[in-house]
Amino acid sequence: INAEYMGRLGIQHPLLISCLTRRAAVHNILQSFTPQELTSMLWSCAKLGLRGDDIVMAIMNQMSNNNDIIEILSPQDVAAALWSQAVLGVEHQVLNLLLVSRISFLYSKWSLSAAMAADILWSLAVLDLCDKQMAAALAQCALTGGLNCAIQAAWSLSVLEASNEPIMKLLVDCIFSSNLTNLDKNTCCLLHQVLVELKFNDPSRLVGLKNSQESVLDTCALAFRDVNATDLKSVNSQVSSILRSMGLSVSEDVIIRTAGQYSVRNICEGILIVEVDGPTHFIRTANGLRPSGVDRLRHRHLKAFGYEIIHLAGETWQSLQNFQMAQSLLAKMIRNIMPEICLPSMTPRPPPSPLTTLATSSPKINDNQARSSRYPPPPAPIQVNQSQQQSTTTYLKSPIIGLNFTNFGDY
């Protein structure tokens, strides 16, 4: 109960949190929790950013070991359990199979509100747990919830590669017929990727965007770059140094105007993107790490515009002990995906900045940092100030020749 209240209040007290979670995990008191208490506890862990704690897995194990618990979960409980996994970047395969089954039952009984359906669909998209049929059904339910629900559902369909479903047109019509000037920053991020998806799959749909709202396009792009900015700038600087030591031309902190205005950390030879990101960009599964929903969609868009991507987790980079190991790993990955790129210089030599031991020189990545900076509950409206964008950023055009983007700005 104390941990739940700390989660609701957003109180961070590491020692107290450690004591509470250790008591819950070690003394098996979770067995006496009701289903609602288990989901509340899991939600609190997500709010507090307890990504690496044993209590998270203990809660999910307790829920998955008892089918009776799943069968009495309310829509709010199901939404909380899925949202918590999406925010923490942790997936429990058995629990999620039961939760998806529960969602099908609740939908068949018309027990889901529009907002609840949109929240569940967003979490399923982040975790990549939903087929197109269920996604379309949840999106249909979310359609009646207004603008925010429509944007959330449209983004989820895009991530799940279901943007060709008939419901997508209805969602887009709802979005473009609404006032887009007062969106909060996180909703702007979702809308940005929806617009990029539309631009690539069916640009004719963008005709419905009112001229008076065209400035929203730039606002959404700025919001996306701000929220998804890397927290590992020094690590990505190491990457660029090593790539240059291999004889490759590298540009850092690039915004690709004609490919969704996405920003990239390092781009080699104008076509190969190499990035290292922290835990908020990945979902941890039984089979290892995979990109989160935002990054999966971003990668798909960039590849559609002709780019290749090497995306490394920060913990993988930190496991490398020296410069030679890092150079060898990058060279192997480059040869695997782009053998046509020539690597003329493979003799290790010091990069521009001293780099003796990567494991010690890289900043420590805090696995317990709350993912809410990237996946928060709906915050208060935030107006993005375009003047805050740095003017030193490099701009590149897409390597694909012949694509015409003049009718809809940089999308």
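**Helix packing and two unusual loop residues**

Helix H13 is covered by several elements, and the cover over its buried residues includes helix H12 (185-201), strand E1 (250-256), strand E2 (262-268) and helix H15 (293-304). This is how things look in a predicted model. H13 itself runs over residues 215-227, and its end C-alpha atoms lie 19 Å apart, in agreement with the 18 Å that its 13 residues should span at 1.5 Å a residue. Most of H13 is tucked away, with 10 of the 13 residues buried. The list takes in Val216, Leu217 and Thr219, then the run from Cys220 through Ala221, Leu222, Ala223 and Phe224 to Arg225, and finally Val227. So an arginine and a threonine sit among the buried residues here, alongside Phe224 and the leucines.

H10 (147-159) tells a similar story. It has 13 residues and reaches 18 Å from first C-alpha to last, close to the 18 Å expected at 1.5 Å a residue. Here 12 of the 13 residues are buried, so H10 is largely enclosed by the rest of the structure. Among them are Trp155, Leu157 and Val159, but also Gln152, Ser156 and Ser158. The partners of this buried set are helix H8 (114-127), helix H9 (132-142), H11, H12 and H15. H12 and H15 thus turn up in the surroundings of H10 and in those of H13.

Just past H10 comes Glu161, with a positive phi near 55°. Glu161 is not a glycine, despite that phi, and it belongs to the loop that leads from H10 to H11. Gln261 does the same sort of thing elsewhere: its phi is also positive, about 55°, and it is no glycine either. This glutamine is in the loop between E1 and E2. At a relative accessible area of 2%, Gln261 counts as buried.

Two helix pairs are worth a look for how they cross. In the H11 and H12 pair, the axes come within 13 Å and cross at roughly 125°. That angle makes H11 oblique to H12, and the crossing is left-handed. On the H11 side the contact uses Met168, Val172, Ile175 and Phe176, which meet Leu191, Val194, Leu195 and Leu198 of H12. By class the contact is wholly greasy, so to speak: 8 nonpolar residues, no polar and no charged.

The other pair is H3 (residues 35-48) with H6 (residues 75-88), whose axes are 9 Å apart at an angle of about 30°. With the cut-off for roughly parallel at under 35 degrees, H3 and H6 therefore fall in that class. H3 passes H6 in a left-handed crossing. From H3, Gln36, Thr39, Leu42, Trp43, Cys45, Ala46 and Lys47 take part, and they meet Asp77, Ala80, Ala81, Trp83, Ser84, Val87 and Leu88 of H6. This contact is a mix, with 9 nonpolar, 3 polar and 2 charged residues.

Lastly, Arg244 is placed in helix H14 (residues 233-245). Its relative accessible area is 32%, so Arg244 is partly exposed. Arg244 and Cys268 are 24 residues apart along the chain, and their C-alpha atoms are separated by 9.0 Å. Cys268 is the end residue of E2 (262-268), one of the strands that help to cover H13.

Conventions:
Residues numbered from 1 in each chain as written. Predicted model: local features only at pLDDT ≥ 70, side-chain atom pairs only at ≥ 80, totals over all residues. Heavy atoms only, no water. Helix = DSSP H or I, 4+ residues; strand = E, 2+ residues; numbered from the N terminus. Expected span 1.5 Å × (residues − 1). Buried < 20%, exposed > 50% of the residue type's maximum accessible area, 1.4 Å probe, protein only. Contact = heavy atoms within 4.5 Å. Axes fitted to C-alpha atoms, helices over the stretch in contact; angles between N-to-C directions. Parallel < 35°, antiparallel > 145°, perpendicular 65-115°, else oblique. Left-handed = near helix turned anticlockwise from the far one by under 90°. Nonpolar A, V, L, I, M, F, W, Y, C, P; charged D, E, K, R; others polar.
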